[in-house]
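This report describes strand pairing, helix packing, burial and aromatic contacts in one molecular model. The structure is shown first, and the terms are defined as they arise.

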Amino acid sequence: MSTEPLSQALAGVDAVARTRPDFAAAHAHRPTMTLRESTRVALGFPGTPTQRDYLRELDRPPEHVEWTPEATALREAGAAIRRETLVDLEGALTTLTRNAEACGTVVHRARTVDDARRIITEIVRAHDAHLVTKAKSMITEEIGLADHLEGQGIEVVETDLGEYIVQLRDESPSQLITPALHLTKEQVADTFSSFGQTIAPEPVPLAEFARTRLREDFRRADVGITGVNFAAADTGTLCIITSEGNADMIATHPTVMVAVMGMDKVIPRVADLGVLVPLLCHAAAEKHLTAYQTLLTGPRRADEADGPEELHLVIVDNGRTEIAASPMREILCCIRCGNCQMVCPVFRALGGGHAYGAVYGGPVGGVLTPLLTSSTKEQKQLPLLSTLCGSCADACPVKIPLPDLLVLGRERYVGTQTGPTKAVESGLWRAWSAAWSRPRAYLAMVHAAHVVGRLVPRQWLAHVPIARLWADHDRRRVPPIDRAGLWRRYAAPLRREDSR
Amino acid sequence: MSRAEEFAAAATAVGAVVEEVATWLDARRRIIEMVGAAPTLVDADPELADLSVTPPEDAWSAEHGVSVALGAAAQTGTVAVANGAGRARTTGVTPLHHTVCVRASQIHATYADLVSAVTSIRPLPTMVRLTTGPSRSGDIELKTIYGMHGPRSLTLLVVAEA
């Protein structure tokens, strides 16, 4: 690898201070941590309380997502469309492949993460490209593409503003659609000012700085890589959604474009975008549609002045075929809006997605991540990181029963555990379940708990596993229930359910 | 509210500038007024054929881009522009300012109607770009800034003449 970087946007990146905590590190550079460790560190991190309050604010009017009658109609239609392809995912992909190839797109199927990396590396190598511009995409994060290409001596520049910021800081994105949601404008200004010139901590000059630096890379890169929001089987059309226009720059300037999608991104008809695009924007708490929905049907034609000469579509499996055949299949309906994350009390308490130690955090990540072939041992525990409060099910624009799937995920996780701890644990749960199913036994246990709580000093309890947590908490100071608040919050949707 | 008015309101809400002109001649005059001598890319279209502007040296030096929409959606303030021979993809994305002419008769009621209309063309253009307002980003503290990678300003000329 040459010492002089080709990228203008990354030149001088070594001067950026690495102030990030380990649990927020870019996935490729994150030390192995158990879920218990990373959540404990995240909860104790000084920035977490501010971030928690900020995330909670975003879930209130006017930012929060409401299911108005119009939005509900979109939601019903969108939920139905997303389930159509689940019946025969492979069939839908065959149709997509046929129609995409008919218009000149080169379609590749990657069974594993390694296959996907290899296919894309070969495309980049075949054109002797050393600089790649990239738009934001979860699937390329999932396959660890940028890091892999860098390992092969290929510079990869993230062009989405939020992704560019986290790339410079060597952090992982903290939320599905807003990767730098965890950073303040002052932190971004610090990062950008590392290049030598002091940038004012305001969004306008910061964005202008990034625009200027990234522009030269858009011009120089021979290969551009994007994700795909929806791929229409009937026409082979790829729909890429952005507000910044970076995917449009990639679909315009480089000679070669590679679009990467998970198998689940296929939709039956291109006209379905009329439902799915507004639904996605609504669920992502956008007041309006995003600036651009770019519909690509094949590479540039002979009479066209620009656009890629080659358009590659890489369809990644990484466990999705198995998911489609399992009771967890509805997780493949996900359209990556991030709404389940924004409403999740656990996600908020942890100050965002970093503590999950996975590309997909929050409720969707709790279900999806352990099912991916590439998931690690630590990630298998992710279904446990939920209170099962049900907010995510209410928030999901395509009506994925996330709490049910989280419970199924826990069942799977527990099923893989072995040894004496497992035997004792399941014995205790069975006893508890039996007791709480009988009114007398239940009351007896509550009374016993009162007596123990009163008579046994807290210092003693602190030495007993499980009871320790109880002892830490002042059980007599249970906060009063805000009845009016509860009524306002839950009565309206209940009444709507009744009238249906 | 007429469909053109609804379109204007929706597009304005998302940061576009909407102007109504009676004829294509008026549209051409207005475009010349706006771009002056600045290097400008103009998409091939019979209505814009005799527009005399300064051509840019290359796509990167263009300050303005001018396109004609396939159609629009009143509900969301969206315009659809397709590429093709003489209509480069770069026109609507690389210059700092983009102007799109929209025939009032081609404003559909909803976004879904617009999508159905533009995706029923065969063969489909290799690129159809649905644009709602100028390029923007909310990645820093969720504050919207305009002109992230694409145009900072989007002017929509609604032409009454068919």
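## Terms and conventions

A residue is called buried when its relative accessible area is under 20%, exposed when that area is over 50%, and partly exposed in between, with a 1.4 Å probe and protein chains only. This is a predicted model, in which local features need pLDDT of at least 70 and side-chain atom pairs count only at pLDDT 80 or more, while totals for chains, interfaces and linings use all residues. Residues are numbered from 1 along each chain as its sequence is written, chains are lettered from A and ligands numbered from 1 in the order in which they are written, and side-chain values use heavy atoms, with hydrogens and water left out.

Helices (H or I, at least four residues) and strands (E, at least two) are DSSP runs numbered from the N terminus, and two strands pair if DSSP finds at least two bridges between them.

## The mixed sheet of both chains

An open sheet of eight strands, with mixed pairing, follows the order β8(A)-β5(A)-β6(A)-β9(A)-β8(B)-β5(B)-β4(B)-β7(B). Its edge strands are β8 (266-267) of chain A and β7 (107-108) of chain B, each of which pairs on one side only. The two chains meet where β9(A) pairs with strand β8 (residues 127-131) of chain B, in the antiparallel sense and over five bridges; there Q293(A) stands opposite L130(B). Within chain B, strand β4 (residues 71-73) runs parallel to β7(B) and is joined to it by two bridges, with A72(B) and I107(B) as bridge partners.

On the chain A side, β5(A) and β6(A) run antiparallel and are joined by three bridges, with F230(A) opposite C239(A). These two strands form a hairpin with four residues between them, and G236(A) in the turn has a positive phi of about 75°. In turn, β6(A) pairs with β9(A) in the antiparallel sense over five bridges, where L238(A) has L296(A) as its bridge partner and I241(A) stands opposite Q293(A).

## Burial of β6(A) and β9(A)

In a regular strand the side chains alternate between the two faces of the sheet. In β6(A), T237(A), C239(A) and I241(A) lie on one side and L238(A), I240(A) and T242(A) on the other, all of them buried; because six of the six residues are buried, β6(A) is largely enclosed by the rest of the structure. In β9(A), Y292(A), T294(A) and L296(A) point one way and Q293(A) and L295(A) the other way, and all are buried. Five of the five residues of β9(A) are therefore buried, so this strand too is largely enclosed by the rest of the structure.

Helix α12 (residues 273-283) of chain A lies across β5 (230-232), β6 (237-242), β8 and β9 (292-296) of chain A, and runs at about 20° to β6(A). Such angles run from 0 to 180 degrees between N-to-C directions, the axes being lines fitted to C-alpha atoms, for helices over the stretch in contact, where contact means heavy atoms within 4.5 Å.

## The parallel sheet of chain A

Six strands of chain A form an open sheet with parallel pairing, in the order β1-β10-β7-β4-β2-β3. At its edges stand β1 (106-110) and β3 (155-158) of chain A, each with a single partner strand, so one side of each is left without a neighbour in the sheet. The twist averages 20° from one strand to the next.

The pairing of β1(A) with strand β10 (residues 310-316) of chain A is parallel and extends over five bridges, and H108(A) stands opposite V314(A). Helix α5 (residues 113-126) of chain A packs on the sheet, touching β1, β2 (131-134), β4 (223-227), β7 and β10 of chain A, and its direction makes about 145° with that of β1(A). Helix α4 (residues 89-102) of chain A lies across β1, β7 (256-262) and β10 of chain A and runs at about 150° to β1(A).

## Aromatic contacts

Rings of Phe, Tyr and Trp (its six-membered ring) pair if their centres lie within 6.5 Å, and planes under 30 degrees apart count as stacked, over 60 as edge-to-face and the rest as tilted. Eight aromatic pairs are found over all chains. One of them, the tilted pair of F347(A) and Y356(A), has 6.0 Å centre to centre and 35° between the planes; both residues are buried.

One aromatic cluster is formed by Y164(A), F192(A), F195(A) and F209(A). The charged end of R213(A) sits over the ring of F195(A), 3.6 Å from its centre, a description that requires NZ of Lys or CZ of Arg within 6 Å of the ring centre and within 35 degrees of the ring normal.
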